[in-house]
Every structure is written in C-alpha cells, then in structure tokens.
Amino acid sequence: MQKIILKKDLNKLISKWMKKYEVVAPVKDKKVSHFKKVNSPDEIYYGFLTDVTAKSHFMPEGEILLNHKKGNVEEVEGKIPKTILFGARKCDLNAISIIDKVMYDKNYWNKRDNTIIVGLFCDSPDKFCFCNSMELIDFHDLFFYPKGKYYIIDVGSKKGETIVRDLPEVTREIKIPGPKNFKKLNTKNIEKTYRDKIWKNDSDKCLSCAACTAYCPTCNCFDINEVINTDLKTLQSKRYHSSCMSKEYSKVAGDHVFRNSRISRFKQFVFHKIDYFRKQHGRPMCVGCGRCLRVCPTKIDWVDTINKMKTRMK
C-alpha cells in the first residue's frame with residue numbers, strides 16, 4: 001500500500017503525530033547532525049545523512065541496565081513512551097534490521113517495540129556512499145519518497161498504517177528506486193584475501209582511534225561498567241559502546257590480548273562486516289553508509305583496497 005501527501009503538508013502531519021507520540025528525528029547542532037527528540041517539525045534536519053546514526057535511539061550511551069541498592073538488584077527495562085523515529089535513510093533502516101538479529105535484551109526490544117520507524121529517501125549521497133553494493137532490503141513501517149510536489153509514502157507495516165490512515169492512497173503504486181551511488185564495492189567474496197599483504201597498507205595508517213566503530217550503524221558491541229553514585233551506597237550498571245579496534249576489547253584474565261596487532265584488529269572489523277556476519281546470517285553486516293570512510297582521520301578506504309584486490313585477482 002502507498003499513500004500520498006503534499007510536501008507542504010508534511011509539517012502538519014508531523015505536528016499531528018506529536019499529539020500522541022514523541023518524535024525523534026535528525027537535527028543539526030552546530031556542525032554535528034544526529035537523532036534526538038524534537039518539539040517542533042521546524043527543528044528537523046533534512047540535509048545529508050546524519051553523522052551519528054539512529055542506533056543511538058535504541059542503544060543510548062551510558063544506558064542504565066541495573067540499579068543496585070542495599071543488596072537488592074533492580075532490572076531497568078528501558079521502557080519509553082510511544083515514539084516515531086522519523087527521517088532514517090535506507091542504510092540506517094537496514095542497520096536496525098541487522099541489529100535486530102543480534103540484540104536480545106529487554107532494554108533494546110522495549111524501545112524497538114514501542115517505536116514506529118519512518119524512513120526518508122536519500123537524495124544527496126556523497127562520494128563515500130556505496131549502499132547499493134550491500135544487498136539492502138525494504139525495512140520500514142513507513143518510507144517517504146519525494147516525487148514532484150508530493151511525497152509517496154510506502155506503507156510497510158500495520159503500525160505504520162495507523163499513523164497515515166487519513167491520507168489518500170495513490171491511484172497507481174510506483175517502484176521506489178535506490179539512491180544514486182558514486183562508489184561501489186566490487187566483490188564481497190574476500191575470504192581468501194585474509195593473508196594478502198595489501199591489508200598492511202591500511203593497517204599501517206590505522207590509529208586504533210575506533211572512530212569507525214563509533215560511527216558505524218551496525219556496530220553493537222558494548223561493555224558494562226559499575227558506576228558508584230555520589231551517596232556511596234548505591235550503584236548502577238551502565239552500558240557503554242565498546243570497540244574491536246582497541247586492544248582492551250580482546251584482553252582476558254592474565255592480561256593476554258588475542259588481537260594484539262593492529263592489523264589483526266583492522267581485518268577483524270572489515271571481515272566481520274563483509275564475510276563473517278554473512279556466513280552466520282545470510283547478508284553482510286555493512287550497509288554501505290560510508291561513515292567509517294568519512295570519519296577516518298587518516299582516510300583509510302578499505303572498499304578501495306578490496307576493489308584493488310579484485311582487479312588483481314582477475
């Protein structure tokens with residue numbers, strides 16, 4: 001089912017949603033774009049793909065998992081009001097579908113189950129975007145596609161249908177195209193390239209700063225820290241982002257580090273995204289958003305590295 005709305009009426013629709021739901025959408029604070037609760041449709045940022053991903057809504061940094069008081073442990077289940085997540089692009093929508101496969105805790109799923117996901121077509125990709133190479137699927141409750149002075153709204157679920165019920169249906173449904181890409185990953189069959197010396201060129205430039213994993217929409221590894229409150233009597237167990245690019249990630253008792261070398265950590269990041277996850281779940285973990293390439297301080301381009309190996313293997 002597809003609905004239709006004039007672009008000029010979109011703010012009215014979002015204002016209507018705000019009467020019953022909290023709306024989380026892209027905003028731009030100074031130079032950084034990210035998702036947060038908005039109180040007016042005028043706050044929404046419609047520009048380029050956000051710097052910080054929609055993952056932050058479902059897995060907020062420093063989220064409380066447990067409260068500890070006088071020997072008792074209280075589980076915090078992460079319940080939120082009914083929410084509409086608006087403005088996620090197709091890469092971020094697919095990232096949510098991927099994280100769904102590996103996250104099982106109540107904190108995550110209470111947010112997911114209480115959130116209607118509304119996607120927005122990406123009409124301004126840059127030189128780092130390669131989403132069309134990554135087998136993306138249609139995954140949304142609603143998806144807005146601009147066409148002339150209208151938005152065509154693809155309805156992907158009954159949850160989505162409930163918030164556009166009063167809008168008219170299109171007279172003829174259209175096939176929504178994928179966004180344009182200027183970059184392409186030429187092969188995902190990289191299993192046999194693990195020992196190729198070309199990976200060293202990238203790992204030598206890597207600072208292990210973990211920016212790639214911090215900005216990646218599908219990286220979901222976390223650590224749990226016990227934080228003592230100022231009363232010195234109670235504490236909280238909080239979830240924080242963790243990165244496979246750091247030595248501490250694979251450190252075990254006795255201070256042994258399984259991935260002590262930078263090249264082993266770098267290859268783990270790439271191979272998990274392209275090869276390992278696909279073998280487990282039938283699709284790549286990478287969604288081609290290009291954020292890891294965009295934020296890398298030394299401009300490492302592992303997509304270009306794979307493409308060079310593909311050319312050389314012919």
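**Entry 1: Asp166**

I began with Asp166, which I found in the loop between α5 and α6. I note here that the model is a predicted one. I asked whether Asp166 is buried or exposed. Its relative accessible area is 64%, and because the cut-off for exposed is over 50%, Asp166 counts as exposed. I then looked up what its side chain touches: it makes a polar contact with the side chain of Lys16, at 2.9 Å. For a sense of distance I took Phe269, which is 103 residues from Asp166 along the chain. The C-alpha atoms of Asp166 and Phe269 are separated by 46 Å.

**Entry 2: The whole protein**

I next recorded the overall figures. I counted 10 helices and 11 strands in the protein. Along the principal axes, the C-alpha trace spans about 65 × 60 × 35 Å. I asked what radius of gyration a compact globule with 314 residues would have. The expected value is near 20 Å; the protein has 21 Å, which agrees.

I looked at burial as well: 48% of the 314 residues count as buried. The accessible surface comes to about 16,700 Å², and carbon and sulfur atoms account for 51% of that. For contacts between residues at least 6 apart in sequence, I noted that 72% join residues at least 24 apart.

**Entry 3: The nonpolar cores**

I turned to the interior. The largest nonpolar core has 28 residues. Those with the most contacts inside this core are Phe130, Trp199, Phe269, Val270, Ile274, Trp302 and Ile306. I asked which elements give two or more residues to the core; they are α6, α8 (262–281), α9 and α10. The largest share, 5 residues, comes from α8.

I followed Ile274 in particular. Leaving aside neighbours within four places in sequence, Ile274 is in contact with Met134, Leu185, Lys188, Ile190, Cys286 and Trp302. Apart from this core I found another, of 24 residues, with Val27, Val38, Ile84 and Val118 among them.

**Entry 4: Salt bridges**

Side chains of opposite charge can pair when their charged atoms come close. I looked up how many salt bridges the structure holds, and the count is 20. I examined three of the pairs.

The pair I took up to begin with was Arg239 and Asp105, whose closest N and O atoms are 3.1 Å apart. This pair links distant parts of the chain, as the two residues are 134 residues apart. Arg239 is in strand β11 (residues 234–241), while Asp105 is in the loop between α3 (90–99) and α4 (106–113). I compared each with the cut-off for buried, which is under 20% relative accessible area. Arg239 has 2% and therefore counts as buried, whereas Asp105, at 24%, counts as partly exposed. I also found that Arg239 and Asp105 belong to a network of salt bridges with Glu63 and Lys111.

I then looked up Lys183, which forms a salt bridge with Asp301; their closest N and O atoms are 2.7 Å apart. This pair, too, links distant parts of the chain, at a separation of 118 residues. Lys183 is in the loop between α5 (158–162) and α6 (198–205), and Asp301 is in the loop between α9 (291–295) and α10 (302–313). Both residues are buried.

The pair Asp204 and Lys200 has its closest N and O atoms 2.9 Å apart. I asked how Asp204 and Lys200 are placed in helix α6. They are 4 residues apart, so about one helical turn separates them. Asp204 counts as exposed at 51% relative accessibility, and Lys200 counts as partly exposed at 46%.

**Entry 5: Positive phi angles**

Most residues other than glycine have a negative phi. I therefore noted two residues that depart from this pattern.

Glu135 has a phi near 55°, a positive value. Glu135 lies in the loop between β7 (115–120) and β8 (142–147). Its relative accessible area is 32%, and Glu135 is thus partly exposed.

Leu232 also has a positive phi, of about 60°. I found Leu232 in the loop between β10 (222–228) and β11. I asked whether Leu232 is buried or exposed; at 71% relative accessibility, Leu232 counts as exposed.

Notes: Residues numbered from 1 in each chain as written. Predicted model: local features only at pLDDT ≥ 70, side-chain atom pairs only at ≥ 80, totals over all residues. Heavy atoms only, no water. Salt bridge = Lys/Arg side-chain N within 4 Å of Asp/Glu carboxyl O. Buried < 20%, exposed > 50% of the residue type's maximum accessible area, 1.4 Å probe, protein only. Core = buried A, V, L, I, M, F, W, Y, C linked by side-chain atoms within 4.5 Å. Contact = heavy atoms within 4.5 Å. Polar contact = N/O pair within 3.5 Å; in protein donor to acceptor, adjacent residues only side chain to side chain. Rg over C-alpha atoms; globule rule 2.2 N^0.38 Å. Areas by Shrake-Rupley, 256 points an atom, 1.4 Å probe, with all protein chains shown as cover.
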